[in-house]
Amino acid sequence: MGFTRSGDEFIRFCFARYLDRSDAVSEIAELDPQASINYQRMSTLELERSCSPLTLERDQNYFLIPIRPGYALNLFDRQQSSQDLFGGNPDVLLRWSNVYYRRVTHHKMLRAPGRILWYVSGKRGEIICVSHLDQVEMATPKELFRRFEKYGTLEWEDLYKMCGGDVSKELMALRFSHTFPLTRAVPLTEVWKVFDEYGIGRSLQSPRKIPFDTFKKLFQIGYQEQS
């Protein structure tokens with residue numbers, strides 16, 4: 001979960017904003033000089049995850065992934081879960097690592113490591129969370145269920161329906177972690193404005209790979225453009 005030993009204690013830094021690597025290390029040194037040496041030795045990916053939801057510009061993939069409200073409620077949408085009569089499973093909502101199953105589409109584009117902005121479709125119509133994409137696996141439903149049974153919210157019956165009853169048909173599992181809610185959900189109208197600004201076509205029917213600058217802009221809006 002990103003805790004690092006500092007003397008006799010374990011600490012964790014959370015930066016909900018964009019920083020370059022040198023600024024992130026400098027801020028850590030100001031907050032806890034004793035701990036800073038550990039962070040200086042980390043790779044950029046390790047540093048980003050250890051201080052998540054921190055965003056550091058690095059060579060990785062950036063995605064905006066639409067998800068249905070029902071899946072979001074059970075995986076990470078704590079706000080809607082608290083308002084729902086039955087709510088989501090707290091064991092899943094508080095889990096540090098999770099899995100989202102989907103049909104095999106855009107499999108050549110979806111690659112780890114990466115960052116995900118989750119867009120809840122339907123009436124919600126907002127980007128609400130950011131995660132790290134850790135792994136993309138494609139296999140038969142039985143194999144995926146065997147590997148990831150303790151993750152996600154779907155049961156075998158759900159995967160069976162997803163593959164249309166054809167258990168030889170491959171499905172895709174996206175394993176993600178370090179999921180943090182945005183302090184301000186980004187509505188679709190603002191998503192379109194950012195897409196227009198960066199010359200990106202208006203489509204959110206399926207996962208989108210987006211440039212870093214687009215990810216950074218949406219991320220900053222979601223965290224009130226903190227400096």
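A residue is called buried when its relative accessible area is under 20%, exposed when that area is over 50%, and partly exposed in between. The structure described here is a predicted model.

**Arg17 and its partner**

Arg17 has a relative accessible area of 13%, and because buried residues are those under 20%, Arg17 is buried. Its place is in the loop between β2 (9–11) and α1 (21–31). The side chain of Arg17 forms a salt bridge with that of Glu27, with an N to O distance of 2.5 Å. This pair links distant parts of the chain, since Glu27 belongs to helix α1 and Arg17 to the loop between β2 and α1, ten residues apart. The side chains of Arg17 and Glu27 are also joined by a polar contact of 2.5 Å. Unlike the buried arginine, Glu27 is partly exposed, at 24% relative accessibility.

**Salt bridges across the structure**

Ten salt bridges are found in a search of the whole structure. Three of the pairs are set out below.

| Pair | N to O distance |
|---|---|
| Glu27 and Arg17 | 2.5 Å |
| Asp134 and Arg175 | 4.0 Å |
| Asp196 and Arg202 | 2.6 Å |

What are the closest N and O atoms of Asp134 and Arg175 apart by? The separation is 4.0 Å, and the two residues form a salt bridge. Asp134 lies in strand β6 (residues 126–139) and Arg175 in strand β7, so this salt bridge ties together parts that are 41 residues apart in sequence. Asp134 is buried, with 18% relative accessibility, whereas Arg175 is partly exposed at 21%. The two values fall on either side of the 20% cut-off for burial, and therefore the two residues carry separate labels.

In the pair of Asp196 and Arg202, the side chains meet in a salt bridge, and Asp196 is partly exposed at 43% relative accessibility. In addition, a network of salt bridges links Glu137, Glu143, Arg146 and Arg147.

**A negative patch at the surface**

Glu149, Glu155, Glu157 and Asp158 form a negative surface patch. Among them, Glu149 is placed in the loop between α7 (141–148) and α8 (156–162). The relative accessibility of Glu149 is 54%, and because this is over 50%, Glu149 counts as exposed.

**Strand β7**

Strand β7 covers residues 171–187 and includes Ala185. Ala185 is partly exposed, with a relative accessible area of 24%. Its C-alpha atom is separated by 8.7 Å from that of Tyr223, a residue 38 positions away along the chain.

His178 is also found in strand β7. Is His178 buried or exposed? With a relative accessible area of 10%, His178 is buried. Its backbone merits a remark: phi of His178 is near 50°, a positive value in a residue other than glycine.

**Cis peptide bonds**

Which residues does the cis peptide bond with omega near 15° connect? It runs from Ser52 to Pro53, and Pro53 is found in the loop between α3 (44–50) and β3 (61–67). Ala112 and Pro113 are likewise joined by a cis peptide bond, for which omega is about 0°. Pro113 has its place in the loop between β4 (97–103) and β5 (114–120).

Definitions and conventions
Residues numbered from 1 in each chain as written. Predicted model: local features only at pLDDT ≥ 70, side-chain atom pairs only at ≥ 80, totals over all residues. Heavy atoms only, no water. Patch = residues over 30% accessible without salt bridge, like charges linked within 9 Å, V, L, I, M, F, W, Y side chains within 5 Å. Areas by Shrake-Rupley, 256 points an atom, 1.4 Å probe, with all protein chains shown as cover. Lys, Arg positive; Asp, Glu negative; His and termini not counted. Charge placed at Lys NZ, Arg CZ, Asp CG, Glu CD. Helix = DSSP H or I, 4+ residues; strand = E, 2+ residues; numbered from the N terminus. Buried < 20%, exposed > 50% of the residue type's maximum accessible area, 1.4 Å probe, protein only. Polar contact = N/O pair within 3.5 Å; in protein donor to acceptor, adjacent residues only side chain to side chain.
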